[in-house]
Amino acid sequence: MIAILGAMQEEITPMLELIGEYEKIDYASNTFYKAKFHGKDIIIAYSKIGKVNAAITATVMIEKFKAEKLLFSGVAGSLNPNLHICDIIYATKVAQHDLDITAFGHPHGYVPGIEVFCKTDNALNQIAMSVAKEQSINLIGGVVASGDQFICAQDKKDWIKATFNADAVEMEGASVGQVCAQLNVPFFMLRAISDEASGGADMDFDEFLDKSAKISAKFVLEMVKKI
Ligand code: ADE
């Protein structure tokens, strides 16, 4: 079973439309969509925004639906001047930018028992690169920082970029990465850029959410064909 997780309805609707036929299963105050795609069993859901919601949904996908790989598809704000709206990035590693016990001398993103960065799966990242190559899509890998905040201010954007050497920011990836790491499930995450995480990002997000979410969803489904 392959899990595909988004945070928002808009991030999974394009997949459900492309797949066409699926079974709906209600569980844990959420809806899970079970389907077959190119001979593979898949389970799709959106978690609702934020790290806690995403961690719950990822856990359910693995523990109840027996997902053996988890692919996240969605949108992100860009922190990298080379990443423009509608470009895509896969996460090489993820970190929680709002996890802060620096008062005790620890680095940002660290609490005892976890590392600051959680790595994504190499084999899945290679599949992403091969899909990009075949389709002549420009795809970069980079650091993605997650936190329970929509970033729409230059100073905060600069801080996250400098502190984590991050290329993109969103609100779920690091929590899903941690769930997958602890449950031994390969984790991949693709994000299409919806905004630049500075002033006006809220307006760009509203304008580009659907378009970017669709770009990411289509790409991830192409990957599923190769898994
Ligand atoms: N997801 C998409 N854009 C974002 C931003 N600017 N901040 C946090 N999450 C996002």
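At 54% relative accessibility, K36 counts as exposed, and in this predicted model its side chain forms a salt bridge with D41, the closest N and O atoms being 2.8 Å apart. The partner, D41, counts as partly exposed because its relative accessibility is 37%.

This pair belongs to a set of six salt bridges that the structure holds. In another of them, the side chains of D98 and K51 meet at 2.6 Å, N to O, and this pair links distant parts of the chain, since D98 sits in the loop between β6 (88-96) and β7 (118-119) while K51 belongs to helix α2 (residues 51-63), 47 residues apart. K51 is buried, with a relative accessible area of 10%, whereas D98, at 26%, counts as partly exposed.

Within helix α6 (residues 201-226), K225 and E222 lie three residues apart, about one turn of the helix, and they form a salt bridge whose closest N and O atoms are 2.9 Å apart. Salt bridges that share partners also join E170, E172 and R191 into one network.

Which charged residue is buried yet has no salt bridge? That residue is D195, for which the nearest side chain of opposite charge, K157, is 7.6 Å away. D195 lies in strand β10 (residues 187-195), and a polar atom of the D195 side chain is 2.9 Å from the backbone nitrogen of A197. Among the residues that D195 touches beyond four places away in sequence are S78, F150, D204 and F205.

For the wider setting, the unreviewed UniProt entry places the feature "domain: Nucleoside phosphorylase" at residues 2-225, a stretch over which the chain is 37% helix and 29% strand, with its end C-alpha atoms 11 Å apart.

Definitions and conventions: Residues are numbered from 1 along each chain as its sequence is written. This is a predicted model: local features need pLDDT of at least 70, side-chain atom pairs count only at pLDDT 80 or more; totals for chains, interfaces and linings use all residues. Side-chain values use heavy atoms; hydrogens and water are left out. UniProt positions are given in the numbering used here, feature names are shortened, and annotations may be inferred rather than shown by experiment. Helices (H or I, at least four residues) and strands (E, at least two) are DSSP runs, numbered from the N terminus. Buried means under 20% relative accessible area, exposed over 50%, partly exposed in between (1.4 Å probe, protein chains only). Lys and Arg count as positive and Asp and Glu as negative; His and the chain ends are not counted. A salt bridge is a side-chain nitrogen of Lys or Arg within 4 Å of a carboxyl oxygen of Asp or Glu. A polar contact is a pair of N or O atoms within 3.5 Å; within protein, one must be able to donate a hydrogen and the other to accept it, and residues adjacent in sequence count only if both atoms are side-chain atoms. Contact means heavy atoms within 4.5 Å.
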